[in-house]
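Reader: I would like a close look at one part of this model, namely its nonpolar interior and the strands and helices around it. Please take me through it step by step, with the geometry wherever it is available.

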Amino acid sequence: MPIIDLSLTSNLNKEIPNGPLEVNLGLYEEDLALSDPMRFHALQRAIDQYQWPTKEEIILFRQKAPLKNLIRPKERLERFEEWQSDHPEGDEELFARDLLVHFLELLMPSFPEESKLSVILEPKGYDKATFLRLAHPTSWIGLYNLKKEGREVILLPPVDDQRLSSYEKVVALAEQFSLDSYVPEENLPLYWSEIDRIYVTYSVSNKAIRSLKGFEAAQGEVIF
């Protein structure tokens, strides 16, 4: 897959190849914090140099190391404690995810509206529960989706449930029933026609309970 280098130290080449593209924003390599306006405006100007193809897939970020490596000292000192006061079950990985998603969300309007924008996350280096919590699709504003294959799925906890124990229960279910397909509870109604059976832990919101009752009314099977 062709890579377009948009890192702050790159010499911009305005040749855009055809087909799916991956951009290198230099987020691991550069010293500027993700929250530094200079980083955002520099990358925005770099993006504006190109005539991006429409209706093509563009990968905005490929995870090459733990997300916490994206945190710069200034953010760790000045922002992490405040963030954690609102996310008492969170850690540096989730903090870095939120910083990254916010940064990418600001950049997304610079790309063609018709393009399919995505990220690639790497489960290597994480245990399964930690990765599921980090990769919760609802937190990635449409940039990432866990695979959903087959007619049986496990319901993920709500995105604001950041307790690792909630995801450990999901992993235990996955191992018990040999499943590796997940649906976020926030998106459950979107998948009704594609699934027959949903396995659910007790880490579920009242709103999801109502959706599950609707799923059962549509002849779906729910197993707690």
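Author: A nonpolar core is here a set of buried Ala, Val, Leu, Ile, Met, Phe, Trp, Tyr and Cys residues that are joined through side-chain atoms within 4.5 Å, and a residue is called buried when its relative accessible area is under 20%. With that in hand, and bearing in mind that this is a predicted model, the largest such core comprises 55 residues, and those with the most contacts inside it are Leu-6, Trp-52 and Leu-67. Helix H4, which spans residues 92–107, gives the most to this core, contributing nine residues. Apart from it lies another core, of 13 residues, including Leu-155, Leu-188, Ile-195 and Val-200.

Trp-52 deserves a longer look. Because its relative accessible area is 10%, Trp-52 falls under the 20% limit and is buried, and Tyr-50, with a relative accessible area of 5%, is buried by that criterion as well. The structure holds 11 aromatic pairs. In the pair made by Tyr-50 and Trp-52, the ring centres are 5.2 Å apart and the planes stand at 40°, so the arrangement is classed as tilted; an angle under 30 degrees would have counted as stacked and one over 60 as edge-to-face. Together with Phe-111, Tyr-50 and Trp-52 form one aromatic cluster.

Next come the strands S2, S3 and S4. Strand S2 (residues 21–24) runs parallel to strand S3 (residues 57–62), and two bridges join them; in one of the pairings, Leu-21 has Ile-58 of S3 as its bridge partner. Helix H1, covering residues 37–48, makes a right-handed β-α-β unit with S2 and S3. S3 is also joined to strand S4 (residues 116–120), here by five bridges and again with the two strands running parallel, and Arg-62 finds its bridge partner in S4 at Ile-120.

Leu-155, named above as a member of the core of 13 residues, leads to another sheet. This open sheet consists of four strands in the order S6-S5-S7-S8, with parallel pairing. Its edge strands, each pairing on one side only, are S6 (182–184) and S8 (221–223), and neighbouring strands are turned by 30° against each other on average when direction is ignored. Strand S5, made of residues 152–156, pairs with S6 in the parallel sense over three bridges, and Leu-155 has Val-183 in S6 as its bridge partner.

Two helices pack on this sheet. Helix H6 (residues 164–177) touches S5, S6 and strand S7 (197–199), and its direction makes about 170° with that of S5. Helix H7 (residues 206–217) touches S5, S7 and S8, and its direction makes about 135° with that of S8.

A last residue to consider is Ala-129, which lies in helix H5 (residues 128–134). Ala-129 counts as buried because its relative accessibility is 5%. When its neighbours within four places in sequence are left aside, Ala-129 is in contact with Leu-164, Tyr-167, Glu-168 and Val-171, and these partners belong to the stretch 164–177 that makes up helix H6. Between the C-alpha atoms of Ala-129 and Pro-184, two residues 55 positions apart along the chain, the separation is 14 Å.

Note on methods: Residues numbered from 1 in each chain as written. Predicted model: local features only at pLDDT ≥ 70, side-chain atom pairs only at ≥ 80, totals over all residues. Heavy atoms only, no water. Pairing = 2+ DSSP bridges. Axes fitted to C-alpha atoms, helices over the stretch in contact; angles between N-to-C directions. Contact = heavy atoms within 4.5 Å. Buried < 20%, exposed > 50% of the residue type's maximum accessible area, 1.4 Å probe, protein only. Phe/Tyr/Trp six-rings, centres within 6.5 Å; stacked < 30°, edge-to-face > 60°. Right-handed = clockwise from strand over helix to strand, strands pointing away.
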